[in-house]
Each structure stands twice: as C-alpha cells, then as structure tokens.
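Okay, thanks everyone, I'll keep this short. Let me put the thing up on the screen and then walk you through a few spots I picked out.

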Amino acid sequence: MATMAGAKSGPAYSERFYAAASFAGFDGSPNSNNIGSRFSNDVAFILYALYQQATIGPCNVPQPSSWSHVEQSKWKSWQQLGNMVPTEAMRLFVKILEEEEPGWYSRASNSVSEPVVDVQMNHNSNVEPTIESRNSFTETKTVSAESGRLEETKDKDVVSEGLGSIVVYDKWILPPISGRRPKARYQHGAAVVQDKMYIYGGNHNGRYLGDLHVLDLRSWTWSKVDAKSVDLSSPVNMVPCAGHSLIPWENKLLSIAGHTKDPSETIQVKAFDLQSDTWSMLNTHGNAPVSRGGQSVTLVGNTLVIFGGQDAKRTVLNDLHILNLETMSWDKIDAVGVPPLPRADHAAVVHAERYLLIFGGSSHATCFNDLHVFDLQAMEWSRPTQQGEIPTPRAGHAGVTVGENWFIVGGGDNKSGASETVVLNMSTLAWSVVASVEERVPLASEKDAYNQGLSLVVGSFDGEDILIAFGGYNGYYNNEVNVLKPSHKSTLQSKMMETPVPDSVSAIHNATNPTRDLESEFEVGHEGKIREIVMDNIDTGHQKLEGDETTERIIATLKAEKEELEVSLNKEKSQSLQLKQELVESKTQNTDLHKELQSIRGQLAAEQSRCFKLEVDIAELRQKLLSMETLRKELELLQRQKAASEQAALNAKQGQGSGRVWGWLAGSPPENADYI
C-alpha cells in the first residue's frame with residue numbers, strides 16, 4: 001500500500017494537488033477526511049475518493065458495517081476507482097476542484113490578495129458564505145497585453161477605492177469583487193442596465209442553470225436576485241436554460257430562445273421585470289421560429305433580429321426572423337443575395353441602425369472567420385472584403401460595440417483558442433488587435449480548448465466606456481469578471497488602406513447594395529481619400545501646412561485622384577450599361593426559349609397520345625392473331641378428320657364390291673341379282 005510520503009515523492013504536479021487538498025479541507029490526517037461543506041454531496045464524495053486514491057492507493061478496506069449513508073457513499077466512491085494510479089487521481093482531484101472553484105489557486109496563495117468566497121454548495125446547510133471585505137484589497141491584478149502574465153498594478157493605475165482611477169488602457173484587469181459570486185458557467189446571458197450587470201442562466205458540467213445574479217458596477221459587489229414568477233402555477237424562473245440571449249428593453253430583461261431540458265417547438269420569450277423582480281412569459285403572434293440555442297439576437301429600434309443557431313435536433317440554421325416588440329409579432333425575412341452558411345455561436349451587431357454584421361461561428365466541425373452584412377432596408381445579404389489583421393476562424397466568442405468599433409473577445413476553433421482581443425472598424429471593415437492574453441488567465445484558452453460561451457457587455461466607469469467579460473469555458477468553468485478600458489487610439493483607429501473604391505471607406509454601403517448610386521459612391525470615396533491623407537499627415541507629424549506650395553501639392557494630388565475616380569466611375573457606368581443590355585437580351589432569349597419549349601411540350605403530348613392509340617391497336621391485332629391461329633389449328637384438325645372419314649368410306653365400298661365377285665364365283669349369287 002502506498003504511503004503518504006511515497007505519494008508526495010511523485011511528480012511536481014503533486015504540489016498543486018496538496019494545495020488543492022488543503023483548500024478543499026483534506027489535510028491528510030484521519031480525522032480530517034470529512035466531506036467539505038462548500039461542495040454538493042456528489043462532488044464531496046468523489047473528492048474524498050480521489051484524495052484517498054492519491055494518498056493511500058486502491059480501496060482495500062472492507063465495506064463499513066454501519067448503516068450511515070455518508071460512510072457507505074464514501075466507501076463506494078473510493079472502491080469504484082479500482083486500480084487508478086495516484087498521479088491520475090491527483091490530476092482529477094485538481095480538475096474537479098477547478099471546475100467547482102475556478103479561482104481557488106489564487107485565493108489559496110498568499111502572494112496576491114483576492115476575495116475569498118466560501119460558497120456552501122450543500123443544500124442542507126444554512127451556513128452563510130465567508131467574504132473578505134472589499135476594502136482589504138490594496139492591489140489588483142492586470143493582464144498584460146504584451147505578455148499575458150498576471151502583473152501587480154502600480155498605485156498610479158489603481159487606487160484603493162474599487163477600481164480607482166484607472167489610467168491603464170487596452171489591458172484586461174481582474175477587479176476586486178465582493179459578494180457571493182455566481183456559480184461558474186458558460187453560454188449564459190448578460191446585460192447592463194443602469195450601472196448593473198445582470199447574469200442569467202448558463203451551463204455548468206452539462207447542467208442548465210436558471211439563477212439570476214447582478215453585479216453593481218459602482219461598488220463591484222455581487223448579489224443574487226430572488227426572482228419570482230407572475231404566474232405561480234407556472235414558475236418561469238425555475239426553467240434553466242443555456243445558449244439564450246438577454247436583451248434589455250424598457251424596464252425589463254428579455255430572455256430569448258436557448259436550450260432547455262424539455263425544449264418547446266418554437267422560440268420562447270421571457271421577460272424579467274426589474275422593478276417587481278418577477279418573470280413572465282410573453283405571448284407572441286405570427287409564425288414563430290423553431291426553438292434553438294446559440295443564435296444571435298440584435299436589438300434594432302423596437303425590433304429584435306434573430307439569426308442562425310442550433311435547434312434541439314442539432315440542426316444548424318441560417319434563417320432570419322424579426323420580432324416586433326410593440327406588436328409582439330414574428331415575421332420571417334425572405335432576403336435576396338447569398339446568406340451565410342448555417343452556423344451557431346457566432347457574433348452579430350447592427351451598424352448605423354441599418355446594417356447587420358455577422359462574424360464567425362461554427363457548423364459542427366467547421367469554424368468560420370467570414371464577415372457577412374445584411375441590409376435591413378434592402379433586405380439583401382452581401383459578403384464584403386475584410387481588411388487589416390483578419391482574425392482566425394472561431395466560434396463561441398462575444399462582441400460589443402463602442403462607437404463604430406466592434407470588439408471581439410474569446411472563442412476559437414477545434415484545435416486552439418483565440419487569445420487576442422480584436423476590433424473591427426465598421427466603417428472601413430479593417431481589423432486590428434487590441435490586447436492578448438496567455439494561459440492561466442480566465443480569458444485565455446488551454447492548449448486543447450478555447451474560451452467559449454463567455455459574455456461581454458459595455459459599462460461605464462469614470463465617464464469612460466469599459467468592456468466587461470464574465471464566465472466562459474476554456475477547459476475550466478469560469479466565474480471571473482475581467483475589465484478592459486479601450487484607449488482612444490484603439491477606439492478611433494481605422495487603419496485606412498489604399499484600395500479601390502469598392503473596398504474604401506464606404507465598403508459596407510457598397511457591398512450591401514449592388515445597385516448602388518455610383519455618384520454617391522464617388523463622393524463617399526473621395527471624402528475617404530481626403531480623410532486618409534489627413535490621417536497620414538497626422539501620423540507623420542505634419543499637422544500644419546507649410547506654405548502655399550504644400551497646399552498646391554495636396555490640391556494637385558486630390559485633383560489627380562479625382563480624375564482617376566472619374567475614369568473608374570465612367571468605366572463602372574459603361575460596364576453597368578453593358579450588363580443591362582446583356583440582361584435585356586438574356587430575358588428576350590429566355591422568353592423565346594420558353595415559348596419554344598411550350599410548343600415542343602405540346603407536340604410531345606400529341607405524339608404521346610398517338611403512340612398510346614397505336615399501342616392499343618397493336619394489342620387488339622395481337623389478340624386477333626392469336627384467335628386466328630386457334631381457328632387455323634381447329635380447321636386443320638377437321639380437315640384431317642374429314643380425310644380420314646372419306647378414306648374409311650372408300651375402303652368400305654371397295655370391300656363390299658369384292659365380296660359380291662367372290663360369291664358369284666362360288667355359285668351363290670347374291671339375292672336380287674340381275675341375270676343377263
């Protein structure tokens with residue numbers, strides 16, 4: 001039997017195991033192997049069994065004779081591990097602890113102060129969680145955008161009051177959080193309403209969650225919302241879900257779609273009243289979409305635009321629906337153009353209250369990094385050209401907008417995760433990288449997993465916008481809060497590029513409207529060129545014109561570019577006119593071919609009818625031929641019978657004549673013979 005000393009002499013990983021065991025309440029003495037009150041019974045039993053397997057070895061003790069349910073469950077859990085090696089038991093012990101308590105290692109360490117939250121997972125316990133005061137934090141941790149390692153921030157970056165006056169931009173920060181943290185999760189919903197971030201539902205270890213938590217962004221304190229249902233006979237708040245969308249609307253939070261244990265046939269819309277803390281189910285009208293999860297839901301004015309997702313049968317979708325929040329009526333969009341391939345776990349945003357942008361997502365084993373734009377006025381799909389540092393394919397990411405910039409965080413493909421935070425300028429369609437993180441940071445990914453299902457919202461701190469990320473799964477379930485304040489540089493950065501007119505500043509407008517007005521395109525493109533020259537002048541330090549000569553050179557350059565654009569415009573017009581003529585000719589040819597096809601179809605129908613009549617006549621003639629053959633055979637039989645009868649009669653006649661002759665010769669003439 002392995003001794004504890006022998007177990008400690010194993011690989012270096014055992015140090016992390018014993019730290020985890022100490023944190024969970026197992027210190028190795030016989031009297032300390034009690035089930036921890038901070039875990040559920042199932043988790044506590046398996047932790048106990050793994051600890052025994054790692055420190056003692058396989059279970060060789062007899063089954064307890066006691067009728068105690070706890071002792072029996074502890075023995076069964078240990079005995080079921082069989083001959084599992086101690087190192088594997090150590091690894092599983094640490095893995096399960098990190099799933100239940102994602103931040104245990106930093107809280108168990110004395111090197112960095114963090115809030116300690118001992119959450120009682122045993123439902124039979126009434127012990128309150130132990131929370132360290134937020135005021136005890138003198139420092140916070142930041143994630144370096146260059147290295148991704150945890151660093152201690154300086155006093156100039158963070159003051160003692162919460163986050164303080166942060167002057168560090170483009171770095172992910174772990175703020176000091178107080179209160180009872182929500183259970184670690186991913187695929188949850190998040191929304192910000194009046195300096196409060198709400199978290200609802202999600203997935204943990206394959207179990208759907210139905211709790212609602214709120215983080216006060218002024219005091220950075222978590223609290224759980226004691227939600228009720230308007231209809232007590234149908235407790236809406238008790239239906240756990242994941243993969244849904246949480247949208248703030250008026251004084252409510254709308255929960256749209258999502259996976260549940262018993263899925264409905266169509267998408268359900270629930271509403272949480274922020275004043276009364278009550279859930280209710282909203283009645284909708286029209287043709288509601290099929291139920292799904294992993295879809296995108298975007299608020300545009302007083303409507304919700306729903307795209308894609310995965311239904312309960314694991315079918316990936318690419319349909320587009322609109323829900324009018326005033327009439328609560330559904331409407332399916334019949335769009336023109338080529339839509340995105342079916343996908344789920346993508347990101348979507350609306351730009352200028354007109355253009356719906358779709359980025360990334362996955363279709364089972366395939367991940368995407370394509371960008372699609374839907375014009376909500378023209379009802380038309382397009383796929384514009386992306387510029388800059390195009391992100392790698394990913395799914396499970398999250399995105400929010402600040403101004404005209406779309407920030408994307410997390411996600412990854414089936415091989416690796418995306419560690420960088422990227423931003424898309426929605427006017428130029430140019431990508432750039434804002435920050436990146438490395439392993440061991442909650443926003444980062446493990447080698448064989450990626451951070452999926454996290455939430456990302458925009459909050460405000462000291463009058464500036466901040467990005468707030470929560471939760472996710474990157475090999476471990478996470479319940480950390482991460483904050484990034486985008487700098488003015490990253491927010492205003494556009495990375496203008498020298499490209500032809502269709503890929504210039506008006507890329508979205510041009511790509512989403514193939515029948516665009518070429519004159520307006522020229523004007524927008526010209527303005528983009530002017531702005532690009534000004535940006536280049538600013539970047540190189542020439543912020544003032546140096547005399548009339550410089551002005552004339554700029555004007556000459558603009559005139560030359562204007563002439564080039566006019567030439568391009570004329571070419572575009574000529575090509576457009578030629579295409580219109582070809583289209584008219586094609587339509588005419590198509591009409592003639594259609595008429596000819598109809599004529600041929602009529603002739604073919606007549607021929608088919610004639611052929612059918614001929615086949616009928618042939619069948620009748622065949623029947624007659626069969627009848628004639630039968631008659632012929634009967635005639636031949638009669639002829640043979642007739643010939644046989646005639647031959648028999650002839651033979652009889654000849655026999656009679658011979659008899660008379662022989663009788664006369666014998667002297668007995670026949671009676672009544674005539675004598676001569």
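I'll go from the overall picture to one helix, then to the rings, and end on a loop.

So, first off, this is a predicted model. The protein has 676 residues, and 45% of them count as buried. On secondary structure, we get 10 helices and 33 strands. If you take contacts between residues at least 6 apart in sequence, 57% of those join residues at least 24 apart. And the accessible surface comes to about 36700 Å², with 52% of that belonging to carbon and sulfur atoms.

Okay, helix 3. That's residues 41–55, so 15 residues by the helix assignment. From first C-alpha to last, helix 3 reaches 21 Å, close to the 21 Å expected at 1.5 Å a residue. Is this helix mostly covered or mostly open? Mostly covered: 12 of its 15 residues are buried. Among them are Val43, Phe45, Leu47, Tyr48 and Leu50, and also Gln52 and Gln53. Tyr51 is on the buried list too, and Tyr51 also turns up in an aromatic cluster with Phe17, Tyr18 and Phe93. After the helix comes glycine 57, and its phi is positive, near 120 degrees.

Now, rings. How many aromatic pairs does a search of the whole structure find? It finds 12. One I'd like you to look at is tyrosine 200 with tryptophan 279, which sit 4.7 Å centre to centre with 40 degrees between the planes, so by the 30 and 60 degree cut-offs that's a tilted pair. This pair links distant parts of the chain: tyrosine 200 is in strand 8, tryptophan 279 is in strand 15, and they're 79 residues apart. Both tyrosine 200 and tryptophan 279 are buried.

There are also charges over rings. The charged end of arginine 343 sits over the ring of phenylalanine 368, 4.2 Å from the ring centre. And lysine 485 lies over the face of tyrosine 169, at 4.5 Å from the ring centre.

Last stop, serine 416. You'll find serine 416 in the loop between strand 28, 405–409, and strand 29, 420–425. Why does serine 416 count as partly exposed? Because its relative accessibility is 37%, and partly exposed runs between 20% and 50%. Have a look at arginine 394 as well: serine 416 and arginine 394 are 22 residues apart in sequence, and 9.2 Å apart in space, C-alpha to C-alpha.

That's my tour, happy to rotate things around if anyone wants another look.

Note on methods: Residues are numbered from 1 along each chain as its sequence is written. This is a predicted model: local features need pLDDT of at least 70, side-chain atom pairs count only at pLDDT 80 or more; totals for chains, interfaces and linings use all residues. Side-chain values use heavy atoms; hydrogens and water are left out. Helices (H or I, at least four residues) and strands (E, at least two) are DSSP runs, numbered from the N terminus. Buried means under 20% relative accessible area, exposed over 50%, partly exposed in between (1.4 Å probe, protein chains only). Contact means heavy atoms within 4.5 Å. Accessible areas come from the Shrake-Rupley method with a 1.4 Å probe; for residues, only the protein chains shown count as cover. The expected span of a helix is 1.5 Å times one less than its number of residues. Rings of Phe, Tyr and Trp (its six-membered ring) pair if their centres lie within 6.5 Å; planes under 30 degrees apart count as stacked, over 60 as edge-to-face and the rest as tilted. A charge sits over a ring if NZ of Lys or CZ of Arg is within 6 Å of the ring centre and within 35 degrees of the ring normal.
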